[in-house]
Every structure is written in C-alpha cells, then in structure tokens.
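These are my notebook entries on what I looked up in this structure, kept in the order in which I went through it.

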Amino acid sequence: MLRRLVAYLSGWSSGGAGRAAAILVVANLGAVVVAWAGWGLFLLPAFYDARVLPAIVMWTFAVVVSMTLLWTLGFWGTVATRGVGHGEHLAAYSPGTALGLGLLRWALQIVMIGGVFAAAVFVTVDGRWWHLFGTAEIRSLPARVAAMPVPDDWELTASEKGDDGGNHHPNMRHWLTYDVPAAYGFADLRAWLASPDWSESPRGPSFGAIRVVRCDAEQQECRAQLVPPAGAEPEYFVYVQRSDPSPYDPEVAEVDVQVTYRQYVEPDWEVDAEVVARSRSMPVPADWIRYDEGASDSDSGESFSRSFGVPESFTPADLEAWLTGPGFTAPVAGEPFGAITLDECRSYDGGRHRCDATVDASWYTDAYAMERASAWVEATLDTTDHTVRVSFRRADRS
C-alpha cells in the first residue's frame, strides 16, 4: 500500500498544473488531518494511564510521513532549475507555473511539518482542546479571582496560574500568596471566608457566594466552594492556608489562596450503578456539605464513599443518632435507603470515631447454611477537620 502511494505521489507533476496542485494539497493537509485524528483517538479513556505508547506512535508517524512526503514530492531547498526546488518535477511547466507550484509546495510542507509534529507534541503532553481555546469558565476565572474581597492590608507577593493536575476535563487554578499582618490569625482567616463580602462586594463585581466545607485548625487551612445553582454540582473551589511569621520577619504572616475551576463530569466509577445509587440515597442532613466521592472494587465486593464537611459542633453522639434515626426508612424527600442496624461504634487516636451498621434487608443464607449480611454502612467522623466519610459496601455473594 505504501509503495503504491509513493509511486502515485512520485508522478504528481505528470498531468496538468491543477492536478499537481490538488495532489500537493491532499497529500500534505491529509497528513495533518490523520495526525490530529490520532490525537483524538488517543484521548479515549483507554489511554489515560498509557501515554508512552501513543507518544511513540505519533512521533514515528510524524517522522515517517514528513520524510516520505519530502522525498517523493521534493522540497524547496533541493538543487533547483529555474529558481524552484526539485526541478525534475517541475521541468515540464512554464517558468511561472513551476514557480507557483514550487511556492505552493513549500507553503503546504511548512503547514504539514508543523501540523504533524504539533499533534505528536500534544499527544505526548496529553494536551486537550481547552488548553488551546479555553472555555467560558476558564476565560472568566481571572475576573472572578480579581473580585475576591481581599483585605486592604494584604500585600500580594506572588501569583501563578495553571491546570490543577487533571487533564481529562477542563480546569484551571490560580495560586496567590499574600503577606498579612502577624496579628492576623487563623480565626480571622475563617471569618474572612464566611464574610458576606464574597457575594455582595462593596467595591464592585463580587466573587459569588461561597460556603466553607471544612477547616483544620492544626494545619491552619480551610476549603470552600462557590455555591452552585440548584441541582448542579460545585465547580469552583477556594483553598486558603495561613503560615506563621518567620524568625526573619516576625511582623508578617503569609496566606496562600488557591482558586480552582474544575468542570464536573460524572466519572466512570467502575462499580455497579446500583451501589452508587444506593449510597447516594442515604439521608444526608442539610448542613452537611459534600466535597468528595470515590469508589472501590475488590475481590471482596464493591463500595462507594462520600465525604462531607459537618458543623464544628457535630459530635460522635450526633453521628450515632443519625445512624439510628428515622431518616433511613422515612426520609424527608426521595426514596428511603432502607432499615439498618447499628453494630458498633469505636473511637480511635487522632479524633476519629467510626460506626458500622448492617443493612437489614441484606441478610441471606450461604451455601453452608450460615446467615450472613451482604451490605453495610460505615461512617467515620474526624473531629479534627470536622468531616464525615460515609461508605456503602456490598459484598460478593458468590
């Protein structure tokens, strides 16, 4: 097949000037189209964790195709007759036509070489379309960052922007570092995040209403979300961390601020959809703010976990009351999760309190006539950063 193509291209100037020009256009731009089609192919999820093989394929394609086209069609820089490259291909034409075809060939080959090698680079770095063109949210993020209600006595010392480390969906992150008065403590930082100035700025455009998800006093950090429209998932996030003054400048502390946009796309959880739906049907209190979800599949079964920020006043007793309350069988809205039985609760070092419960309807008799349960609920409260992680686990009955 390749020999036939080379033989056909080698006679590109054996017909009229129009046929020669058409072959030049199709051959060179066709190579670019095929290269970028390969880039699109290698964006499929099957290649998310295998970037070396696509890179090798694309660089090999770029080198082989560009060299083949240059060899068979000639190029501007070769020994020329009448001032045009590769004169043996153009000798049959008048000087003006030959010059025109030579210039067309030169321009198209510049496009071809740039196009196929750019596709190879994009595949190698796992480049996506929004890296080139952005999205409305990415383009508007700098204006949103500029609308943060930064106190007057904060001094910006460093700023940077880039992606948040995830290439599969549009995202962008802005990092900002401020020098603040040493007296500005962690309590002040939390109060700043809770300020109404985020949604109603007295200085002009506002950032938007945010809600604090969780804070860790020991690490002096807080995470917050821009409140999304009803029924939508959060896509804008704010992370702040305070650092104590250094011995070299005891009058100044430091605050790092990260503002992130991350488009929400429902992941392929790789567990049964019923496990995901059942976990999400748990009766989550209105003042819990979800910030993370995750799935796990193993030989012992499947699980789906959700993490929430909870009020600082939430205690282990509140966790147990939630698990034994009526919400699992008689929720305020939606389908009931189903009755569960609290098995045990236990406290651990580090401020963690974990409870395990059995799903009542999951009991069955195994092949050895033993009564077993196939589904459980696990809930862990971390009183340090005021979070609760809730998991629904379903074992494999086989």
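**Entry 1, helix 3 and helix 5.** I listed the contact between these two helices in the model, which is a predicted one, and on the helix 3 side I found Pro54, Ala55, Met58, Trp59, Phe61, Ala62, Val63, Ser66, Leu69, Leu70 and Leu73. Their partners in helix 5 are Arg105, Gln109, Met112, Ile113, Val116, Phe117, Ala119, Ala120, Val121, Val123 and Thr124. Sorted by class, the residues of this contact are 18 nonpolar, 3 polar and 1 charged. I then looked up the geometry: helix 3 covers residues 52-73 and helix 5 residues 95-124, and their axes come within 8 Å and cross at roughly 170°. Angles over 145 degrees count as roughly antiparallel, and helix 3 and helix 5 are therefore noted as roughly antiparallel to each other.

**Entry 2, helix 2 and helix 3.** I next turned to helix 2 (residues 17-41), whose axis comes within 11 Å of that of helix 3, with a crossing angle of roughly 180°. Helix 2 and helix 3 are therefore also entered as roughly antiparallel. From helix 2 the contact takes in Leu24, Ala27, Asn28, Ala31, Val34, Ala35, Gly38 and Trp39, and from helix 3 it takes in Met58, Phe61, Val65, Leu69 and Leu73. The class count for this contact is 11 nonpolar and 2 polar residues, with no charged ones.

**Entry 3, disulfides.** How many disulfides are there, and which cysteines do they join? I count 2 disulfides, and with bonded cysteines counted along the chain they follow the pattern 1-2, 3-4. One of them joins Cys215 to Cys222, with an S to S distance of 2.0 Å. Both Cys215 and Cys222 are buried. The torsion about their S-S bond is about 115°, so I recorded the disulfide of Cys215 and Cys222 as right-handed.

The disulfide between Cys345 and Cys355 has its sulfur atoms 2.0 Å apart. Here the torsion about the S-S bond is about 115°, so the disulfide of Cys345 and Cys355 is right-handed. Cys345 belongs to strand 9 (residues 340-348) and Cys355 to strand 10 (residues 352-359), so this pair ties together parts that are 10 residues apart in sequence. Is each of these two cysteines buried or partly exposed? Cys345 is partly exposed, with 27% relative accessible area, whereas Cys355 has 0% and counts as buried.

**Entry 4, salt bridges.** My search of the whole structure returned 17 salt bridges, and I looked at some of them individually. Asp244 and Arg242 meet through their side chains at 2.5 Å, N to O, and Arg242 is buried, at 7% relative accessible area.

Asp272 pairs with Arg394, where the closest N and O atoms are 3.6 Å apart. Asp272 sits in the loop between strand 6 (252-262) and helix 9 (273-280), and Arg394 in strand 14 (residues 387-395), so this salt bridge ties together parts that are 122 residues apart in sequence. Asp272 is partly exposed at 34% relative accessible area, and Arg394 is partly exposed at 24%.

The side chains of Asp356 and Arg354 form a salt bridge at 3.2 Å, N to O. Which of these two is buried, and which is partly exposed? Asp356 is buried because its relative accessible area is 17% and the cut-off for buried is under 20%; Arg354, at 29%, counts as partly exposed. I also noted a network of salt bridges that links Glu233, Glu266, Arg280, Arg290, Glu293 and Arg306.

**Entry 5, Gln219.** Where is Gln219 found? I located Gln219 in the loop between strand 3 (210-216) and strand 4 (221-226), and its relative accessible area of 41% makes it partly exposed. Leaving out residues up to four places away in sequence, Gln219 touches Gln241 and Arg242. I cross-referenced Arg242 with Entry 4, where its side chain meets that of Asp244 in a salt bridge. Finally, Gln219 and Asp385 are 166 residues apart in sequence, and their C-alpha atoms are 9.3 Å apart in space.

Conventions
Residues numbered from 1 in each chain as written. Predicted model: local features only at pLDDT ≥ 70, side-chain atom pairs only at ≥ 80, totals over all residues. Heavy atoms only, no water. Disulfide = S-S within 2.5 Å. Buried < 20%, exposed > 50% of the residue type's maximum accessible area, 1.4 Å probe, protein only. Helix = DSSP H or I, 4+ residues; strand = E, 2+ residues; numbered from the N terminus. Axes fitted to C-alpha atoms, helices over the stretch in contact; angles between N-to-C directions. Parallel < 35°, antiparallel > 145°, perpendicular 65-115°, else oblique. Contact = heavy atoms within 4.5 Å. Nonpolar A, V, L, I, M, F, W, Y, C, P; charged D, E, K, R; others polar.
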